[in-house]
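I opened this notebook to keep track of what I looked up, beginning with the ligand site and moving on to a few single residues and a surface patch.

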Amino acid sequence: MTEPFIYCDGLVKIYRVAEIEVVALQGLNFSVQAGELMGIVGASGSGKSTLMNILGGLDRPTAGSVRVGDHDLLKMSDGMLTRYRREQVGFVWQQSARNLVPYLNAVENVELPMTLAGASGKEKRNRAKELLSMVSLGDRMFHKVGELSGGEQQRVSIAVSLANNPSLLLADEPTGEVDSNTAQVIYDTLRYLNTELHLTMILVSHDPGIARHVDRVVAIRDGMMSSETRRQVRTIQPEDAHLHGDDANGHHEVFEELVVLDRAGRLQVPKEFLEQFQIRGRAILDVTEEGILIRPAPEDRNAPELVTRKQQQEADLRRAKKGGIGGMWQRLRKK
Ligand code: ADP
Ligand code: MG
């Protein structure tokens, strides 16, 4: 394999809220090849946006390393990071209001980032028009944002994100506010641009069905990569075609989900599996001929139930708030 375009190693991001530390990313390892179209899925609060903000130079990690192309995002000054963000990264956010200026028309919106970067004249307008044609909005160029549908607005947002010819496109739940047909159009548009412009793209989604639209999906859970799904096209025997609902050539899409091991040998076992076998606290690993079998340790069946990190954080916050009020009472009593 060639050197990855994006490389994250042991990435940690800790937010401090009041006295509480929120660990949004806990030693995340992740790499993306140049030109890859990849998806990131995960429950709300799992750290997807935190990762995107770091890759896009909007936020800095607390520890670990992160490199995009030749840019070491940990070592850059604030000025360099701002330049990196403007010149190398395109963003598409969930709410088109964050991507677009409402009182401008589509072509003016696409021109805006170019104007900010110092471009002017006919070339700017031509590029804006070209980008809008690429997202199939050639006939809507002079419509104001409010005159466009949600899906069209998102396609203008994609054109805006590409205005300065970035090498990386980050889309954080770009289909979060549209119906599934519109989402399909947006995914098709991104796929087309990925092939056409050889652009590296990361799409965040809460929809596991995204695997159909991208080369590879990684699942993030509690700030770590937990599994990876690859789409593979296999050719199957014509006599089996009726079993799979394949196309006429016998091509059959297979999705293979792999669990990710970190370098310390840790892996995350899906909660459903643990619940199914009542595995809590500790487990027994049996080495078999086929692989490693994880069994519940009988004495740990009554151990405390698993909690998600979100539940744990909420419990911590409640406790901290209680402590705060308790402290206040004590101070009042002393007076
Ligand atoms: P996702 O995008 O997967 O929903 P986020 O990356 O937004 O998740 O959040 C990961 C965790 O970090 C959550 O527990 C969230 O509450 C916390 N978090 C995110 N941004 C901040 C912030 N600016 N300040 C404090 N905590 C934050
Ligand atoms: Mg998010």
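**Ligand site**

I began with Ser 49, where a polar side-chain atom lies 2.9 Å from an oxygen atom of ligand 1, a polar contact being a pair of N or O atoms within 3.5 Å, with the added conditions within protein that one atom must be able to donate a hydrogen and the other to accept it, and that residues adjacent in sequence count only if both atoms are side-chain atoms. The model is predicted, with local features needing pLDDT of at least 70 and side-chain atom pairs counting only at pLDDT 80 or more, while totals for chains, interfaces and linings use all residues. Residues are numbered from 1 along each chain as its sequence is written, chains are lettered from A and ligands numbered from 1 in the order in which they are written, and side-chain values use heavy atoms, with hydrogens and water left out.

I then checked Lys 48, whose side chain places an N or O atom 2.8 Å from an oxygen atom of ligand 1, and Ser 46, which has a backbone N or O atom 3.2 Å from an oxygen atom of the ligand. On its own ligand 1 has 560 Å² of accessible area, of which the protein covers 68% (Shrake-Rupley method, 1.4 Å probe; for residues, only the protein chains shown count as cover).

For the shell I noted 13 residues around ligand 1, with Gly 45, Gly 47, Lys 48, Ser 49 and Thr 50 the closest (near means that a heavy atom of the residue lies within 4 Å). Helix H1 gives the most to this shell, with 3 residues (helices are DSSP runs of H or I with at least four residues, strands are runs of E with at least two, and both are numbered from the N terminus).

**Single residues**

I asked myself whether Asn 194 is buried or exposed. Asn 194 counts as buried because its relative accessibility is 6% (buried is under 20%, exposed over 50%, partly exposed in between, with a 1.4 Å probe and protein chains only). It lies in helix H7, residues 180–197, and its side chain reaches the backbone oxygen of Leu 199 at 2.7 Å.

Glu 108, in helix H4, counts as partly exposed at 29% relative accessibility. I recorded a C-alpha separation of 9.5 Å between Glu 108 and Val 160, which are 52 residues apart along the chain.

**Strand E13**

Last, I looked up Ile 294, which lies in strand E13 and counts as partly exposed, because its relative accessibility is 36%.
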